[in-house]
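This report goes through charged pairs, aromatic pairs, one pocket and one tryptophan. Please keep the sequence and the 3D view open while reading.

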Amino acid sequence: MKVLLLEYITAGGLNHEPLDTALLQEALLMRDALLSDFSDIANIELITTYDARLTKPEHASQAILIDEIKNPIHIWQTLLTDCDAALIVAPETSGILNQVTTMVEASNTLNLGSHSGAVITCSHKYETYQILLSTSINTIPTYRTNEIEQLTSNDGFVLKPNDGAGCEDTYYFSDKSSLYAWLASHPHDNMIVQPYLHGKTASISALFKQGQSWVLSCNEQIIEIQQDNKVHLRGCRVNAFQKYLPEFEHIANQIAQALPDLNGYAGIDVIINNNMIYVVEINPRITTSYIGLHESLSYNPARLILDAALKPVFELPLRLSKNIVDIHLNA
């Protein structure tokens with residue numbers, strides 16, 4: 001089976017742009033974990049591409065260099081014609097994940113990631129909020145910047161891009177005056193605002209298929225608010241929140257039914273506030289927690305992704321480990 005595996009940043013998607021150091025570190029860790037895991041599966045021929053500014057990746061049967069002259073999209077489209085399956089990791093920002101997902105769907109290649117319907121919805125946080133709200137899934141009130149007169153909070157506000165990935169361009173403001181001051185001096189047409197919610201920051205790593213879900217890990221997220229008001233992901237602790245497994249399974253099942261186009265691996269960011277769990281956003285792609293998943297489960301998560309895609313009836317193997325694995329990022 002020939003599999004095209006692309007992590008957008010490292011695969012040459014930014015070949016005409018500078019490589020952000022913080023984003024690059026996380027991207028390399030995710031790419032290398034995926035390549036290592038898929039290469040361990042028998043009868044898999046693994047194809048990838050890589051940015052000419054980076055070293056050639058290990059574990060791939062074929063790794064094609066992408067320099068600033070080449071068009072990565074055209075090269076990926078050509079590679080897809082000779083592959084049986086594809087897994088794409090890309091940011092939701094500016095519709096990038098949807099663009100490459102649509103590219104895979106237009107080929108005859110099995111898409112191991114989420115379908116474009118879920119990608120489009122989850123790439124727009126305001127639309128995601130509306131769907132969660134309409135299906136009675138507990139979530140955080142979300143407003144466009146022209147609606148913030150309706151927003152109240154005693155604990156501050158979080159401002160983020162409607163189509164952002166992770167903590168990219170995410171800010172915390174302790175009061176409305178500082179929020180208004182920022183908005184007055186920055187473009188904000190594509191931003192959303194949420195009340196800041198105290199609690200434990202967490203994420204759910206899960207597999208999805210046709211309205212079903214299987215939770216792989218219950219993760220703690222290490223979030224820091226810096227002096228410039230920017231919110232940063234410092235790392236995560238994979239499976240550190242196993243005590244919330246029943247609640248996380250319920251949330252994943254609710255989301256699977258609300259968004260049946262979610263497919264393969266996806267991540268759900270949540271905040272645990274006292275006895276309530278609030279969904280923050282849904283990431284229809286591989287997330288940071290994947291980096292430590294193999295060690296945490298003592299089982300190859302790439303095997304699980306393939307089995308979920310290929311088997312008519314899928315269940316998680318019995319007795320998966322739940323080791324706590326720390327992932328550190330220099331974000």
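Asp 37 is buried but takes part in no salt bridge; the nearest side chain of opposite charge belongs to Arg 303, 11 Å away. The model is a predicted one. Asp 37 sits in helix α2, which covers residues 21-39. Apart from neighbours within four places in sequence, its contacts are Tyr 290, His 294, Asn 300, Pro 301 and Ala 302.

**Salt bridges**

Side chains of opposite charge can pair when their charged atoms come close. Over the whole structure, a search finds 13 salt bridges. Three of them are set out below.

| Pair | Closest N to O distance |
|---|---|
| Lys 2 and Glu 45 | 4.0 Å |
| Asp 326 and Arg 237 | 2.7 Å |
| Arg 303 and Asp 307 | 3.1 Å |

Arg 303, named above as the nearest opposite charge to Asp 37, has a salt bridge with Asp 307. Both Arg 303 and Asp 307 belong to helix α10 (residues 301-310), where they are four residues apart, about one turn of the helix. Arg 303 is partly exposed at 28% relative accessibility, whereas Asp 307 is buried, with a relative accessible area of 11%.

The pair of Lys 2 and Glu 45 links distant parts of the chain. Lys 2 is in strand β1 (residues 2-7) and Glu 45 in strand β2 (residues 45-51), 43 residues apart. How accessible is Lys 2, buried or exposed? Lys 2 is buried, with a relative accessible area of 16%. Its partner Glu 45 is partly exposed, at 34%.

Asp 326 comes from strand β15 (residues 325-328) and Arg 237 from strand β12 (residues 231-238), so their salt bridge ties together parts that are 89 residues apart in sequence. Asp 326 has a relative accessible area of 41% and is partly exposed. Arg 237 is partly exposed too, with 29% relative accessibility.

**Aromatic pairs**

A pair of aromatic rings is described by the distance of the centres and the angle of the planes. The search of the whole structure finds ten aromatic pairs. In one of them, Tyr 126 and Tyr 129 are tilted, with 6.4 Å from centre to centre and 50° between the planes. These two tyrosines are three residues apart in helix α6 (residues 125-134), so about one helical turn separates Tyr 126 from Tyr 129. Both Tyr 126 and Tyr 129 are buried.

Why is the pair of Tyr 172 and Tyr 196 edge-to-face? The ring centres of Tyr 172 and Tyr 196 are 4.9 Å apart and the planes stand at 65°, and planes over 60 degrees apart count as edge-to-face. Tyr 172 lies in strand β8 (residues 171-173), while Tyr 196 is in the loop between β9 (191-195) and β10 (200-209), so the pair ties together parts that are 24 residues apart in sequence. Tyr 172 is buried, with a relative accessible area of 16%. Tyr 196 is partly exposed, with 26%.

Tyr 171, Phe 173 and Trp 182 form one aromatic cluster.

**The second largest pocket**

Rolling a probe the size of a water molecule over the atoms shows where empty space is left. The second largest pocket holds about 220 Å³ of space. It is lined by 13 residues, of which Glu 247, Ile 251, Asn 275, Met 276 and Ile 277 are the closest to its centre. Two or more lining residues come from each of the elements α8 (245-258) and β14 (276-283). Which element gives the most to the lining of this pocket? That element is α8, with four residues.

**Trp 76**

Trp 76 is part of helix α3 (residues 72-80). At 1% relative accessibility, Trp 76 is buried. Not counting residues up to four places away in sequence, Trp 76 touches Leu 4, Leu 6, Tyr 8, Ala 11, Gly 13, Thr 49, Val 100 and Met 103. A distance of 34 Å separates the C-alpha atoms of Trp 76 and Val 270, which are 194 residues apart along the chain.

Definitions and conventions:
Residues are numbered from 1 along each chain as its sequence is written. This is a predicted model: local features need pLDDT of at least 70, side-chain atom pairs count only at pLDDT 80 or more; totals for chains, interfaces and linings use all residues. Side-chain values use heavy atoms; hydrogens and water are left out. Buried means under 20% relative accessible area, exposed over 50%, partly exposed in between (1.4 Å probe, protein chains only). Lys and Arg count as positive and Asp and Glu as negative; His and the chain ends are not counted. Contact means heavy atoms within 4.5 Å. Rings of Phe, Tyr and Trp (its six-membered ring) pair if their centres lie within 6.5 Å; planes under 30 degrees apart count as stacked, over 60 as edge-to-face and the rest as tilted. On a 1 Å grid over the protein atoms alone, a cavity is a set of points where a 1.4 Å probe fits but cannot get out, and a pocket is an open set with protein on both sides within 12 Å along at least five of seven lines; lining residues have an atom within 4 Å of a point. Grid points are joined across faces, edges and corners, and a volume is the space filled by probe spheres set on the points.
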